[in-house]
Amino acid sequence: MTNDAKHEVEAMIQKAVFPDVVTYNTLMDGYCSRDKIYMALEMLNTMRSNGIAPDCSSYNILINGHGKGQKVDEAIDLVRQMPAEGLKPEVQTYSTLIHGLFQMGRHGEAGNLFNEVLNEGNKPDIITCQNDGT
């Protein structure tokens, strides 16, 4: 499926049907759900090289994929990259990252990030507040 997805994007472009951010996000999510984070990151690079700017959903997908793969430090790096793309992390972004930190037993960091969210004026949602490592 994953190689087929990459070929489909190439076929779309050859037929002058250009994928948009939703197309790329869907493909990245598919890669992440199959634990192929490297392919999702490759798709992000393909997206950029085709002139499509990632959005918050693009990053949320990758952050979630990294968190599920227990690569929380890489997920943190992705959050830190967002402002360079002109993006501000959303509550969902922080919720996903906090959940990943809890999953890794990094409760102190999760608490610090939660406080950072509050200090930035963000309002956590029910999902953020339910992150208990389960």
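User: How many residues does H2 have, and what span does H2 reach from its first C-alpha to its last?

Analyst: In this predicted model, the span expected for H2 at 1.5 Å a residue is 18 Å. The helix comes close to that value. H2 has 13 residues and reaches 18 Å.

User: Which residue caps the N-terminal end of H2?

Analyst: A side-chain oxygen lies 3.2 Å from the backbone nitrogen of Val22. That oxygen belongs to the capping residue, Asp20.

User: Which residue with a positive phi follows H2?

Analyst: H2 covers residues 21-33. The residue in question follows the helix and has a phi near 60 degrees. The residue is Asp35.

User: Which residues have the most contacts inside the largest nonpolar core?

Analyst: This core has 32 residues, and helices H2, H3, H4, H5, H6 and H7 each supply at least two of them. In general, nonpolar side chains tend to be buried together in soluble globular proteins. Those with the most contacts inside the core are Met28, Leu62, Ile63 and Leu97.

User: Is His66 buried or exposed?

Analyst: His66 lies in helix H4. Among the residues that His66 touches are Ile37, Leu41, Val72 and Leu78. Buried means under 20% relative accessible area. Because the relative accessible area of His66 is 4%, His66 is buried.

User: Which residue just after H6 takes a positive phi?

Analyst: H6 has 13 residues, and its buried residues include Tyr94, Leu97 and Leu101. Just after this helix, one residue takes a phi of about 75 degrees. That residue is Gly105.

Technical notes
Residues numbered from 1 in each chain as written. Predicted model: local features only at pLDDT ≥ 70, side-chain atom pairs only at ≥ 80, totals over all residues. Heavy atoms only, no water. Core = buried A, V, L, I, M, F, W, Y, C linked by side-chain atoms within 4.5 Å. Buried < 20%, exposed > 50% of the residue type's maximum accessible area, 1.4 Å probe, protein only. Helix = DSSP H or I, 4+ residues; strand = E, 2+ residues; numbered from the N terminus. Contact = heavy atoms within 4.5 Å. Expected span 1.5 Å × (residues − 1). Polar contact = N/O pair within 3.5 Å; in protein donor to acceptor, adjacent residues only side chain to side chain. Lists of a residue's contacts leave out its neighbours within four places in sequence.
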